[in-house]
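Me: Can you walk me through the labels people put on a model like this one? I'd like each one tied to its cut-off.

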Amino acid sequence: MDKPTVAILGAGSMGEIFASGLLRAGWDRSEIALVTRRPERARELEYITGITTTMSLTEGARGRNIVMIAVKPKDVRAVLEEVDQVLKEDQTVISIVAGVPIAVFEDALPGVPIIRAMPNTPSAVDLGMTAYTSGSTATDEDVEKASAVLGAVGDTLKLSEDLLDAVTAVSGTGPAYVFLLAESMIEAAIREGLPHHAAEKLVHQTLRGAGALLAASEKSAFRLRGEVTSPGGTTAAAMHTLEEGGFRALIQDAIQSAAHRSRELGERASE
Ligand SMILES: NC(=O)c1ccc[n+]([C@@H]2O[C@H](COP(=O)([O-])OP(=O)(O)OC[C@H]3O[C@@H](n4cnc5c(N)ncnc54)[C@H](OP(=O)(O)O)[C@@H]3O)[C@@H](O)[C@H]2O)c1
């Protein structure tokens with residue numbers, strides 16, 4: 001399959017991550033168009049990526065195989081009202097907008113195939129996790145083109161749309177949970193007397209190593225944890241404190257809150 005040409009409408013943090021990832025994956029600058037709404041951001045993007053950046057949504061979207069919508073939920077309506085004039089049925093729209101259902105895009109862009117995706121920020125280092133779902137008019141070919149773009153920055157997983165709020169709460173928001181864990185571990189390490197640079201190095205490499213081990217191993221997280229927990233040992237003492245303090249329940253509540261918020265944002269966007 002030839003590389004699909006791509007427009008990214010709303011090139012903020014995620015848009016820039018995808019643009020840079022596509023370049024790393026071998027896309028030519030001429031195969032990508034970026035759209036933003038502030039001249040200083042356009043200049044910044046051109047400086048960072050070397051990709052031509054326009055402030056016209058219609059100019060950016062016109063004729064591109066894949067049109068990725070990467071604005072915040074509150075800005076989706078305005079974008080759709082503008083691009084519906086130029087988008088055609090042989091183009092494919094990927095929305096990465098949190099919470100906004102495929103129906104909103106299908107109503108605004110009749111006949112245009114829609115893929116709704118939820119990526120995450122580790123896409124910046126090609127270790128992203130993107131779950132996606134396809135709309136009623138998307139063919140296998142549309143899905144193949146879209147997953148080539150989404151898969152350029154990491155792994156992909158196709159799921160039904162009713163699961164995307166949960167995905168948002170788990171992998172979309174997930175990096176923030178890990179960053180908070182890292183901050184907390186670094187603070188605690190410094191309190192235990194480690195110098196700042198040593199605390200950071202120990203924590204960063206431990207999280208990287210544990211993540212890589214978990215991903216590479218056939219053992220479950222539960223089993224890997226069991227293997228480093230000897231009765232009466234240091235890990236057992238730490239696990240006891242975490243369980244007593246409600247760590248597990250807190251993570252469950254946090255994920256539930258994020259999923260709830262994703263549903264709320266979606267309902268607001270559907271009104
Ligand atoms: N960040 C994440 O971890 C993550 C993960 C998965 C999905 N998402 C979803 O991805 C989307 C983008 O998130 P983000 O963090 O990249 O947000 P962001 O940094 O605010 O990027 C959105 C960009 O869209 C631009 N924009 C808004 N309306 C526009 C218009 N009419 N024409 C052209 N550009 C327009 C904004 O311009 P201004 O700078 O002028 O506002 C901004 O640069 C959100 O819907 C979010 O839910 C984010």
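Me: What makes a residue count as surrounding the ligand, and which are the closest?

Reply: A residue is near a molecule if one of its heavy atoms lies within 4 Å of it. By that rule 21 residues surround the ligand, and the closest are Ser-13, Met-14, Arg-37, Arg-38 and Val-71. Keep in mind that this is a predicted model, where local features need pLDDT of at least 70, side-chain atom pairs count only at pLDDT 80 or more, and totals for chains, interfaces and linings use all residues. Numbering runs from 1 along each chain as its sequence is written, and side-chain values use heavy atoms, with hydrogens and water left out.

Me: Which atom of Arg-37 lies 2.9 Å from an oxygen atom of the ligand, and what makes that a polar contact?

Reply: A polar side-chain atom of Arg-37 sits 2.9 Å from a ligand oxygen. A polar contact is a pair of N or O atoms within 3.5 Å; within protein, one must be able to donate a hydrogen and the other to accept it, and residues adjacent in sequence count only if both atoms are side-chain atoms. A backbone N or O atom of Ser-13 is also 2.9 Å from an oxygen of the ligand, and for a backbone N or O atom of Met-14 the distance is 2.7 Å. As for cover, the ligand taken alone exposes 890 Å², and the protein buries 81% of that (Shrake-Rupley areas, 1.4 Å probe).

Me: Why is Gly-99 called buried?

Reply: Buried means under 20% relative accessible area, exposed over 50%, partly exposed in between (1.4 Å probe, protein chains only). Gly-99 has 5%, so it is buried. Its place is in the loop between β5 (92–95) and α5 (102–108).

Me: What does Gly-99 touch, not counting residues up to four places away in sequence?

Reply: Contact means heavy atoms within 4.5 Å. Gly-99 touches Arg-116, Asp-165, Ser-262 and Gly-266 on that count.

Me: Is Thr-53 buried or exposed, and how do you know?

Reply: Thr-53 has 11% relative accessibility, so it counts as buried. Leaving aside neighbours within four places in sequence, Thr-53 is in contact with Leu-34, Thr-36, Ala-42, Leu-45 and Glu-46. The Thr-53 side chain also reaches the backbone oxygen of Ile-51 at 3.1 Å.

Me: And what is the buried share for the protein chain?

Reply: Of its 271 residues, 38% count as buried.

Note on methods. Helix = DSSP H or I, 4+ residues; strand = E, 2+ residues; numbered from the N terminus.
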